[in-house]
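I opened this notebook to keep track of what I looked up, one topic at a time. Each entry gives what I searched for and what came back.

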Amino acid sequence: MIEGGKIVVTDKQKGSTKSLANVQVLMHDILLDSTTRNDKSRFLFAKEARIGFRNYHTTTKDGLYQFKIGDADVLATQKRVVLKNLSFTPTLSKKAFAEKQKKAKEMYTLSLPQLTLNGLDWWSALNEEEIFATEIQTSGGSIAIYLNREKPPANKMGNFPNQLLMKL
């Protein structure tokens, strides 16, 4: 059992470092042998694994948004993740966001008090391929989309979800 730990991941190819603080790790029934190496019912050789962390935040590469997770509880062997106080917010005001863009671009704000992912595929998530879950549950929350039309449009068809579906 680990409490109050810190995980630092360095990507030498991208030249970036990500860290998680206030990490708790609880693993039971760990078995290191050739039979458990590819056992999909285990997580990192453990029959039961629970990982938690608090106050995670990162900024997007373009610096326009900040992503935050207030509290995360990962029940790895149950393939379940519960995220609390999840937010994706702009780092700039509406006016500053619009001024920074060359063309009209939507500004998104998302806030969810809780998001639960069930049936998470760990192998693809850990390898940064994709995040796939069989079920996503949320309650409450808000999403806002702002578009300043003073700049010329990026294209005739916008990037709102219903318009992207129409493109398909």
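The entries below go through strands, aromatic rings, charged pairs and a pocket.

**Entry 1: the kind of model**

I note before anything else that this is a predicted model, and that residues are numbered from 1 along the chain.

**Entry 2: a pair of strands**

I began with strand β1, residues 2–11, and strand β2, residues 16–30, and found that they pair in the antiparallel sense over seven bridges. Looking across from one strand to the other, I saw that Ile7 stands opposite Leu20 in β2. The hairpin of β1 and β2 has four residues between the strands, and there I noted that Gly15 takes a positive phi near 70°.

**Entry 3: aromatic rings**

I then searched the whole structure for aromatic pairs, and the search gave three. In one of them, the ring centres of Phe53 and Tyr56 are 6.3 Å apart and the planes stand at 75°, so I wrote this pair down as edge-to-face, a label for planes over 60 degrees apart. I also checked how much of each residue can be reached: Phe53 has 12% relative accessibility and counts as buried, and Tyr56 is buried too, with a relative accessible area of 16%.

For Tyr65 and Phe88 I found ring centres 4.5 Å apart and planes at 15°, so this pair is stacked. The pair links distant parts of the chain, since Tyr65 belongs to strand β4 (residues 65–75) and Phe88 to strand β5 (residues 80–90), 23 residues apart. Are the two partners buried or partly exposed? Tyr65, at 7% relative accessibility, counts as buried, whereas Phe88, at 25%, counts as partly exposed. I added that Tyr65, Phe88 and Phe97 form one aromatic cluster.

**Entry 4: charged pairs**

My next search was for salt bridges, and I recorded a count of two. As background, side chains of opposite charge can pair when their charged atoms come close.

One salt bridge joins the side chains of Asp73 and Arg50, at 2.5 Å from N to O. Asp73 lies in strand β4 and Arg50 in strand β3 (residues 46–59), so this pair ties together parts that are 23 residues apart in sequence. Arg50 has a relative accessibility of 41% and counts as partly exposed.

Another salt bridge is formed by the side chains of Asp71 and Arg54, at 4.0 Å from N to O. This pair also links distant parts of the chain, with Asp71 in strand β4 and Arg54 in strand β3, 17 residues apart. Both residues came out as partly exposed when I looked them up: Asp71 has a relative accessible area of 27%, and Arg54 has one of 41%.

**Entry 5: the largest pocket**

Last, I looked up the largest pocket, which has a volume of about 1,700 Å³. Its lining has 39 residues, and those that lie nearest the centre are Lys18, Leu20, Tyr56, Ala125 and Ile131. The elements that give two or more residues to this lining are β1, β2, β3, β4, β5, β6 (107–118) and α2 (122–126).

Which element gives the largest share of the lining? I found that β2 does, with six residues. Sorting the lining residues of the largest pocket by type, I got 26 nonpolar, six polar and seven charged. Two names came back from earlier entries: Leu20, which stands opposite Ile7, and Tyr56, which is buried, are both among the residues nearest the centre of the pocket.

Terms used. Predicted model: local features only at pLDDT ≥ 70, side-chain atom pairs only at ≥ 80, totals over all residues. Heavy atoms only, no water. Phe/Tyr/Trp six-rings, centres within 6.5 Å; stacked < 30°, edge-to-face > 60°. Buried < 20%, exposed > 50% of the residue type's maximum accessible area, 1.4 Å probe, protein only. Pairing = 2+ DSSP bridges. 1 Å grid on protein atoms, 1.4 Å probe; cavity = no way out; pocket = protein on both sides within 12 Å on 5 of 7 lines; lining within 4 Å. Points joined across faces, edges and corners; volume = space filled by probe spheres on them. Nonpolar A, V, L, I, M, F, W, Y, C, P; charged D, E, K, R; others polar.
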